Amino acid sequence: MGDQDLPGVLVSDLEGPHGICEDHAEDLKRHFNLITMQDFLENKAQLGPKIQAVYIWGGRPAVNQELLCSLPSLKIVASAGAGLDHLDLGLVASFGVKVANTPHAVSSPTADLGMALLLAAARRVVEGHELAVSPHTENFPTDYMGQQVTGATLGIIGMGSIGYKIAQRARAFEMKIVYHNRKRRKLEEEEAVGAIYCEKLDDLLQRSDFVMLAVSLTPQTQGLIGKRELRLMKPTAILINIGRGLLVDQDALVEALQTGLIKAAALDVTYPEPLPRDHPLLELKNITLTPHIGSATHQARRQMMENLVESILASFSGLPIPNEVLLK
């Protein structure tokens, strides 16, 4: 509990693995009275009416009907990141509550990581590191081969701000770029990165040496890459997922990697996170996994916090909300 005279903002916790960034706490306390979920649950009657905003970090706290009914003064739900699959937007709107996120803060670092995963998987960087540092290594094999990136075809599924920034980076690697998106980009935007639009997802999968998932998770995109789609990909192809774990049928992916249906995969996201320690994906050599760190740079996380503060303060003042999420 902070300064009682400041507007109340609900957060998951102030520390620990599921709390807000500890480095941000003092900045937030200058603007808000931060109320943790534990404090709120212990004293709903007193604290509920004081809370005017929910500050979501790492998908927490969960916003459901029970919580919304307990917060009569709530004006805004401000969620860090670009993805909104953890929120029922219709439900939040039905309470007259605004929603804001931070898409611009995460686009560049997530695109950076997408290219890092592509390069790591293509050139077998993790395997190479293990070979180089192993106490059992006596010499380096001359047949240790990866996939060439320069001149290869990259298929980007989801050409929003992250997907487009990936295309910009891939262009510097002289890659041929094809993309599939719900809505086609403007001609001048395509020409700027040399991207070719694929109206059908199947065409992209069949043409690509690397397939990059940078699409939001929705009911329409859940399970977007399954057994049928993996069969359409080249046996030399590599799948990279920086979107959400549920975009991919993980059982089908395990089988595809085990049988050589595709060459490799690199995932920043899985379902669940983390995977159970006995999950078959963790046993495979031809997979690179990172712990959902697309936006995990000091600079991006600070910008996310500042964007959330700006949106919350705007909502309190009745001003236009930066990065407001509008229901289509």
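The following dialogue works through a predicted model, setting values against definitions.

Trainee: What makes the radius of gyration of the protein chain agree with a compact globule?

Mentor: Take the 328 residues first. A compact globule with that many would have a radius of gyration near 20 Å, and the protein chain has 22 Å, which agrees. The C-alpha atoms fill a box of roughly 70 × 50 × 30 Å along the principal axes.

Trainee: How many helices and strands does the chain have?

Mentor: The protein chain has 13 helices and twelve strands. Among contacts between residues at least 6 apart in sequence, 63% join residues at least 24 apart.

Trainee: What share of the residues counts as buried?

Mentor: Of the 328 residues, 47% count as buried. The chain exposes about 16600 Å². Carbon and sulfur atoms supply 51% of that area.

Trainee: Why is L74 called buried?

Mentor: The relative accessible area of L74 is 8%. Buried means under 20%, so L74 is buried. L74 sits in the loop between helix 4 (65-69) and strand 4 (76-79). Leaving out residues up to four places away in sequence, L74 touches I51, Q52, A53, V54, L68 and V97. K44 is 30 residues from L74 in sequence, and their C-alpha atoms are 14 Å apart in space.

Trainee: Why is C69 called exposed, and why is C21 called partly exposed?

Mentor: The cut-off for exposed is over 50%. C69 has a relative accessible area of 51%, so C69 is exposed. C21 has 22%. The partly exposed class runs between the 20% and 50% limits, so C21 is partly exposed.

Trainee: How many disulfides are there?

Mentor: The rule asks for a pair of cysteine sulfur atoms within 2.5 Å. By this rule the count is zero.

Trainee: How do you know where the largest nonpolar core lies with respect to domain 1 and domain 2?

Mentor: Start with its members. The core has 53 residues, and Y55, L118, L154, I166, F210 and I240 touch the most other members. Helix 6 (residues 103-122) gives the largest share, nine residues. Domain 1 (8-105 + 297-317) and domain 2 (107-289) both give residues to this core, so the core lies between them.

Trainee: Which residues are in contact with L154?

Mentor: Leave aside neighbours within four places in sequence. L154 is then in contact with L118, I166, A170, M175, K176, I177, V178, S208, F210 and M212. Another core, of 30 residues, lies apart from the largest one; L204, V211, V248 and I262 are among its members.

Trainee: What makes E174 stand out in its phi value?

Mentor: Phi of E174 is near 60°, a positive value in a residue other than glycine. E174 lies in the loop between helix 8 (161-172) and strand 7 (176-180). Its relative accessibility is 57%. Exposed means over 50%, so E174 counts as exposed.

Trainee: Is N323 buried, exposed or partly exposed?

Mentor: N323 has a relative accessible area of 21%. Buried needs under 20% and exposed needs over 50%, so N323 is partly exposed. Phi of N323 is near 60°, positive in a residue other than glycine. N323 is found in the segment after helix 13 (298-317).

Trainee: Which peptide bonds are cis, with omega about -5°?

Mentor: One joins Y271 and P272, with omega about -5°. Another joins E273 and P274, with omega about -5°. P272 lies in the loop between strand 11 (264-267) and strand 12 (287-289). P274 is placed in the loop between strand 11 and strand 12.

Conventions
Residues numbered from 1 in each chain as written. Predicted model: local features only at pLDDT ≥ 70, side-chain atom pairs only at ≥ 80, totals over all residues. Heavy atoms only, no water. Core = buried A, V, L, I, M, F, W, Y, C linked by side-chain atoms within 4.5 Å. Buried < 20%, exposed > 50% of the residue type's maximum accessible area, 1.4 Å probe, protein only. Helix = DSSP H or I, 4+ residues; strand = E, 2+ residues; numbered from the N terminus. Domains from an automatic or database assignment. Contact = heavy atoms within 4.5 Å. Rg over C-alpha atoms; globule rule 2.2 N^0.38 Å. Areas by Shrake-Rupley, 256 points an atom, 1.4 Å probe, with all protein chains shown as cover.
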